[in-house]
Every structure is written in C-alpha cells, then in structure tokens.
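Student: Could you walk me through this one while I look at it on my screen? I'd like to take it piece by piece.

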There are 2 protein chains.
Amino acid sequence: MPDRGNASLRDVAELAGVSVGTVSHVLNHPERVSEALREKVTAAITELNFVRSGAARQLRQGHSNMVGLVVFDIGNPFYTDAARAIEDTLAASDLALVISSSDAEPHREARVLRTLIEQQVRGVIITPSEGTAALLPMLRERGIPVVLLDSPGDIEGYASVGVDDVAGGAMAVRHLLDRGHRLIAMITGPMSVRQARQRLRGARQAITEAGLDPEKILVPVETEAFTANAGEAAMSLLLERREVPTATFAANDVMMIGAMRSLRRQGVRIPAEMALVGYDDIMVASELITPLSSVHQPMAELGRTAAELLLDPDADERHVVFQPNLVVRASSR
Amino acid sequence: MPDRGNASLRDVAELAGVSVGTVSHVLNHPERVSEALREKVTAAITELNFVRSGAARQLRQGHSNMVGLVVFDIGNPFYTDAARAIEDTLAASDLALVISSSDAEPHREARVLRTLIEQQVRGVIITPSEGTAALLPMLRERGIPVVLLDSPGDIEGYASVGVDDVAGGAMAVRHLLDRGHRLIAMITGPMSVRQARQRLRGARQAITEAGLDPEKILVPVETEAFTANAGEAAMSLLLERREVPTATFAANDVMMIGAMRSLRRQGVRIPAEMALVGYDDIMVASELITPLSSVHQPMAELGRTAAELLLDPDADERHVVFQPNLVVRASSR
DNA sequence: GAGGATTGATGAATCGATTCAATCACGACT
DNA sequence: AGTCGTGATTGAATCGATTCATCAATCCTC
C-alpha cells in the first residue's frame with residue numbers, strides 16, 4: 001500500500017517532476033500552467049490522494065475560507081432555514097460555513113467569537129443578544145466583516161438583515177379588520193422581547209390606520225413565555241371576559257396551538273365564533289385540525305441576503321428589511 | 001489608537017521583553033514559566049489584544065481543535081438536539097464543533113468531508129447516507145477518527161451510536177396489545193428507508209412475542225413519503241376497510257398528524273374508536289387537540305455518547321445502541 | 001536574423017506558533 | 001572555592017502552501 005493520506009505539496013511536485021510553485025499554480029491559477037504539466041500534476045495529486053493543508057494556506061493568505069454563523073439556538077427552525085440558505089450562497093464562493101450556538105450566554109458567545117477569530121474567518125453572521133454589542137469591536141478591529149441576522153439595525157455601525165415585525169403585526173390585524181372583526185385579542189408573549197413589542201406596535205398601527213381606536217379594538221394579553229401552556233391560559237382568560245373577542249392574533253404559532261386547545265375544550269367554533277391568526281408559519285400550522293393562518297417570514301431570503309451582504313465589500317452599514325407575508329388558511333376564513 | 005488586532009506572538013514577546021518561546025509557554029504550559037514573567041506576558045497579551053493564529057498552530061501541530069459534524073439536514077430537530085449535546089461535550093475538551101449538512105447528496109457530502117480534511121479536524125461525526133461508506137476511507141487513511149450517528153452498525157469498521165428502531169416499533173405495538181387491541185394498523189412510510197423497515201420489524205416482533213400471529217393482527221400501509229398528506233391518505237384507506245383496525249401506529253408523528261385530520265373528518269373518536277401511537281415525539285405531539293402518544297428518542301444522550309466515543313482513543317469499533325422510550329398520552333389511553 | 005514581447009516554470013522567502021536542545025542563573029553541597 | 005543540579009529562559013528549526021522576482025523558451029515583427 002502506498003503511504004497515502006499525508007502527502008504534501010512538495011511530495012506532489014516531486015512525483016510529477018515539477019517545482020512546488022507549479023503545483024500551487026495548478027491548484028490556484030490553472031490557466032497559467034501548460035496543459036502537459038497540468039495533467040502530470042493532476043495525475044500525481046490523484047495518485048497521492050493529496051488534499052492541501054488548510055492551515056498552511058490560511059497562514060500564508062492571512063485568512064481562511066470559512067464564515068462563522070452564530071445563532072441563539074441551532075434548534076430553532078427559523079435559524080436552520082436561514083442557515084441552509086447562507087450555506088448555499090457561500091458555497092458558490094467556495095466558502096464553508098461554521099455554525100455555533102451562543103444560547104444568548106455572553107460567556108459562551110465570547111468563546112465562540114474567539115474561536116472564529118483564531119480561525120481567521122472571512123466573516124461572521126450573528127443573531128445578536130444583549131451582550132453582543134460589546135464583543136463586536138473585537139471583530140471590527142481585525143477587519144472581519146459582520147452582518148447582524150434577524151436584527152433590523154439593533155446595533156449601530158454594522159450591516160444587518162431582518163424581517164419587519166411591525167409590518168407583520170399590522171398585516172395580521174389588518175386582515176382581521178378586513179373580515180369585519182371589531183374586538184380583537186392579541187396574545188403577545190413576554191413584552192421584554194423586541195419581537196413581541198414590535199408585533200404589538202404593528203397591531204395597533206393597523207387599527208389606527210383603519211381610522212379606529214386601538215384602545216377600544218385591541219385586547220392585549222401578555223404571557224410569561226412563548227409556550228403552548230401560556231397560550232392556553234391566555235385564551236381561557238379571554239373566554240371569561242364579559243365581552244369575548246371574535247378574533248385572536250398570537251405573536252407565535254406555538255402559543256396559538258395552546259389557545260386552540262382551550263377553544264376546543266370550550267366548544268368554541270373556529271373561525272365562526274373565533275377567528276385566529278398566528279405568527280411564524282411553523283411546519284405544522286397547515287397540519288392542524290383547523291389549518292392556522294399565520295404570518296410567514298422569508299427566512300431563506302434572509303439568509304441569502306445576509307451572506308450576500310457579508311461578501312459585498314461596500315455593504316458596510318447597509319440594513320435590509322424583509323417584509324413578512326400572511327398565509328391565510330381556514331382558521332380565519 | 002494602538003494598532004490592535006493584528007499582534008503576533010513575536011509582538012507580544014517584544015512588548016513583554018521576553019522570547020517568543022516564553023510567550024508560547026505561557027499559553028500552553030504556564031507551570032513552566034515563573035510568575036513574574038507570566039504576569040508580564042499576560043499583561044502584554046491584554047494590552048495588544050492578542051489572539052493566537054489558529055492556522056500557525058494547526059500547521060505546526062498537525063491538527064486543529066475542531067470536530068466536524070455532518071448531518072442530512074440541519075433543519076431536522078433530532079439532529080439539532082444531538083448537535084447541541086455534542087457541542088457541549090466537546091467544549092469540555094476545548095474543541096469547537098463545525099456543523100455542515102450533506103442533504104444526503106453524495107456530491108455535497110464529498111465536498112464537505114474534503115473541507116474537513118483540509119482543516120485537519122480532530123474527528124468527524126456523521127449521519128451516513130447511501131454514498132457515505134465510499135468516502136470514509138479518506139478519513140481513515142489520514143487517521144481522523146469517525147463516529148457514525150443514528151446508524152447502528154450500518155457500516156463495518158467504524159464506531160457508531162444509534163437508537164434501537166426495532167425496540168421502538170416493538171414497544172409501540174406492545175403497548176397497544178396491552179390495551180387489548182387485536183387489529184392494529186401501521187403507517188410505515190417508505191420501506192426504502194432503514195428506519196421504516198426496522199420499526200415494522202419491531203411491530204411484528206412484539207406481536208409474535210405475545211404469542212399472536214402478525215399476519216392476522218398487523219395491517220401495514222406503506223406510504224410514498226413521511227408527510228402529513230401521505231398519512232392522511234393512508235388513514236382514509238384504512239377507514240374504508242371492511243374490518244377497521246382499532247389502533248394505528250405511525251412510523252413518524254407528522255404522518256400521524258395527517259392521519260388525525262382524516263379521523264376528525266370522519267368523526268372517529270380518539271382513542272375510543274381508534275387509539276394512536278406515533279414516533280419521534282415531536283414538540284407539538286403534546287400540543288395537539290388529542291395529545292399524541294409517541295416513541296421518544298434520547299437524542300441528547302446520543303450526541304453526548306457520539307462525542308465521547310470520538311474522543312476515546314480505544315473506541316475504534318464500538319457500537320452503542322440506545323433504547324427509545326414510549327411517552328403515553330391521551331391518544332392511546 | 002536580431003530584438004522585443006509573451007508565456008511558462010522555478011525556487012526562495014514568507015506567514016506565526018510550537019518545540020527542543022542549548023544556555024543561563026542561582027543555590028546547595030562537598 | 002568549585003562543582004553539580006535544578007529550574008527558567010532562549011532562539012532556531014519546523015510545519016506546508018503561496019507568491020513574486022527571475023530565468024528560460026518560444027513566438028512575432030521589421
């Protein structure tokens with residue numbers, strides 16, 4: 001057995017009877033090498049099963065061919081959809097994607113970013129948490145481009161992509177207004193979360209724009225978490241009101257699933273007695289007993305754009321905001 | 001402003017007034033350096049904001065501090081749960097995780113593995129697809145440890161971790177038998193998929209073990225895909241039978257959600273007229289109108305063990321198989 | 001046919017951290 | 001006082017791909 005698997009560029013050169021410079025040219029600038037030599041070199045490469053050392057390459061070039069993606073939680077389907085799109089876009093430029101999750105822990109986030117700097121990544125795409133702003137200068141100092149994901153202009157001085165949560169909230173409520181509802185509940189989730197606040201703002205805005213009074217039309221119910229149980233409790237509360245709303249908008253589909261449980265138990269018909277619109281358009285939204293209308297976010301486009309911004313040298317501080325779109329299903333029809 | 005962010009180990013040495021060797025020792029073998037110098041060096045490191053070059057380090061050491069994880073699809077929640085556990089386990093050994101998805105495309109998988117080899121990763125954890133077996137020798141040749149994920153001994157000669165799908169199928173059906181059901185449908189999914197075959201085998205086995213005849217008890221229905229629509233169609237078919245089963249086991253929760261749609265439309269009561277058990281225990285299983293019993297897989301343990309096997313030098317060809325567990329909810333109670 | 005231009009190939013210098021053999025400083029012991 | 005030993009520090013060699021100045025060869029043009 002030939003001693004395969006550890007060949008260096010020098011070994012290839014020796015076998016092919018050329019200089020190391022030529023082998024390197026075959027790999028990086030094939031057009032500069034005559035066909036005869038090119039063939040000899042490629043033959044030697046296959047023969048030796050040669051794979052070039054990324055370390056040596058990076059050391060010389062000053063940067064690697066990797067881009068870092070740092071998300072809160074890899075488990076979140078939105079981020080994975082975006083990640084997929086990022087990966088595909090980068091692949092076209094021969095860049096590999098390195099995914100890490102920060103869990104929104106500053107300590108962990110710092111460690112992850114440090115590793116990325118050590119690897120001299122070509123750029124970083126990150127969904128910022130509370131502590132992120134303090135860490136970004138580390139990257140900036142080293143000339144590593146940064147794009148903020150799902151964070152429309154949260155932090156000054158960096159390019160960003162995001163989805164317009166105000167518009168999303170507005171389009172959900174506008175749809176319900178259009179269908180004649182005049183007392184609309186909103187299950188907001190925790191108001192400490194930016195997305196919750198902005199979706200609520202959008203909801204109010206839609207009502208104002210229709211020439212109506214948000215105070216009279218909208219019944220917001222804050223919950224402690226974005227869970228199904230929280231949604232169920234919120235809906236139970238709403239059904240006990242003197243004047244029960246005829247429609248409900250939830251800032252998240254999972255809470256709405258809980259709310260639907262409560263409705264089913266009380267025998268409230270959907271959408272006849274209670275129309276529903278959720279947010280996120282999760283995979284099962286269309287698979288529920290009553291398929292759920294929901295605000296869909298273009299995560300793939302978001303990812304693609306984030307990657308494009310990262311690669312664009314003069315995108316320094318551009319902010320791209322995508323518009324969500326409403327998917328209407330039986331729950332509000 | 002000091003020119004921060006590009007300092008090399010030599011710059012640190014200069015500022016601290018010591019040799020490069022000493023700085024390196026401070027980083028890697030602090031105990032060999034006197035306290036006085038150690039402090040001077042650490043001061044210089046902070047002053048210059050020094051982060052060592054991973055490339056140079058790797059080049060010299062012959063390997064990086066990264067481990068590659070290659071999955072079918074990052075979007076799949078199972079894999080992300082496992083990924084999280086892998087990441088945590090590796091972090092304890094100061095190893096970073098690089099996640100990539102192969103989409104089960106051999107072409108893409110080959111490219112991903114090539115990148116990992118270039119990076120001289122310390123090991124690779126991979127969920128193998130059809131073409132994987134042919135690619136693994138590339139890693140073996142280079143002495144890169146490999147652990148197969150979710151693939152109990154599929155490929156000879158490599159360590160692996162997996163969940164016992166036969167046992168999973170068996171425990172679902174055993175539960176239904178225990179509750180007195182004697183005509184049980186199984187929505188299998190495509191039989192070309194190993195998981196589908198093994199879960200069916202488990203189902204048969206449970207019936208045999210109970211001293212009954214699988215041919216008389218079990219009604220398998222193959223579908224073309226693991227989707228909700230496929231599940232719905234399968235259930236409609238079952239309901240048209242002369243003798244309608246009193247229980248259904250689906251090889252996947254999403255198909256079961258479709259099946260439940262069909263049942264609801266026909267007014268079949270769950271579990272009184274039809275008991276249900278799914279597989280995967282997806283997040284919404286507990287959030288459905290009728291909470292769904294489902295076979296749960298210990299993905300976190302799977303991930304942790306995969307990482308441990310990877311780091312264990314004498315785990316060369318060990319196979320670890322986990323047992324799934326049945327979560328009983330209202331749909332079969 | 002000579003000079004100039006073009007194309008192809010070469011190999012030494014380079015990137016930055018690690019490591020080990022060599023040197024140094026200082027105290028202890030004979 | 002001199003020698004030995006111990007522990008701390010040094011610095012040069014090393015890993016492997018890239019690049020650029022240099023050299024060689026071939027082709028055009030007048």
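Student: Which residues come nearest to DNA strand D?
Tutor: In this predicted model, 28 residues lie around DNA strand D, and A:Leu9, A:Arg57, A:Arg60, B:Thr22 and B:Ser34 come nearest, where a residue is near a strand if one of its heavy atoms lies within 4 Å of it.

Student: Before we go on, how should I read the numbering and the cut-offs?
Tutor: Residues are numbered from 1 along each chain as its sequence is written, while chains are lettered from A and ligands numbered from 1 in the order in which they are written. Local features need pLDDT of at least 70, side-chain atom pairs count only at pLDDT 80 or more, and totals for chains, interfaces and linings use all residues, with side-chain values taken from heavy atoms, leaving out hydrogens and water.

Student: OK, what part of strand D's atoms within 4 Å of the protein is sugar or phosphate?
Tutor: Of those atoms of DNA strand D, 67% belong to sugar or phosphate, and the rest belong to bases.

Student: Which side chains have an N or O atom by a phosphate oxygen there?
Tutor: Among them are A:Asn28, with a side-chain N or O atom 3.0 Å from a phosphate oxygen of DNA strand D, and B:Ser34, for which the distance is 2.7 Å. A backbone N or O atom of B:Ser19 also lies 3.1 Å from a phosphate oxygen of this strand; a polar contact is a pair of N or O atoms within 3.5 Å, and within protein one must be able to donate a hydrogen and the other to accept it, with residues adjacent in sequence counting only if both atoms are side-chain atoms.

Student: And which element gives the most to that surface?
Tutor: That is α4(A), with five residues, where helices (H or I, at least four residues) and strands (E, at least two) are DSSP runs numbered from the N terminus.

Student: Switching over, what about DNA strand C, which residues come nearest there?
Tutor: Of the 28 residues around DNA strand C, the nearest are A:Thr22, A:Ser34, B:Leu9, B:Arg57 and B:Arg60. A polar side-chain atom of B:Arg57 lies 2.5 Å from a phosphate oxygen of DNA strand C, and the side chain of B:Ser24 has an N or O atom 3.2 Å from one. The largest share of the surface near this strand, five residues, comes from α4(B).

Student: How are the two protein chains related?
Tutor: Chain A is superposed on chain B by a rotation of 180 degrees with 0.1 Å of shift along its axis, at an RMSD of 0.3 Å, using least squares on the C-alpha atoms of residues with pLDDT of at least 70 in both. The two copies are therefore related as by a two-fold rotation axis. In chain A, the C-alpha nearest the axis is that of A:Ala55, 2.2 Å from it.

Student: How many residues are in contact between them?
Tutor: In chain A, 51 residues are in contact (heavy atoms within 4.5 Å) with 51 residues of chain B. The area buried between the two chains, meaning the accessible area (1.4 Å probe) that two parts lose on being put together, summed over both, is about 4,600 Å², and carbon and sulfur atoms give 53% of it.

Student: How many salt bridges are there between the chains?
Tutor: The count is four, taking a salt bridge as a side-chain nitrogen of Lys or Arg within 4 Å of a carboxyl oxygen of Asp or Glu. One of them joins the side chains of B:Glu87 and A:Arg108, at 3.4 Å from N to O.
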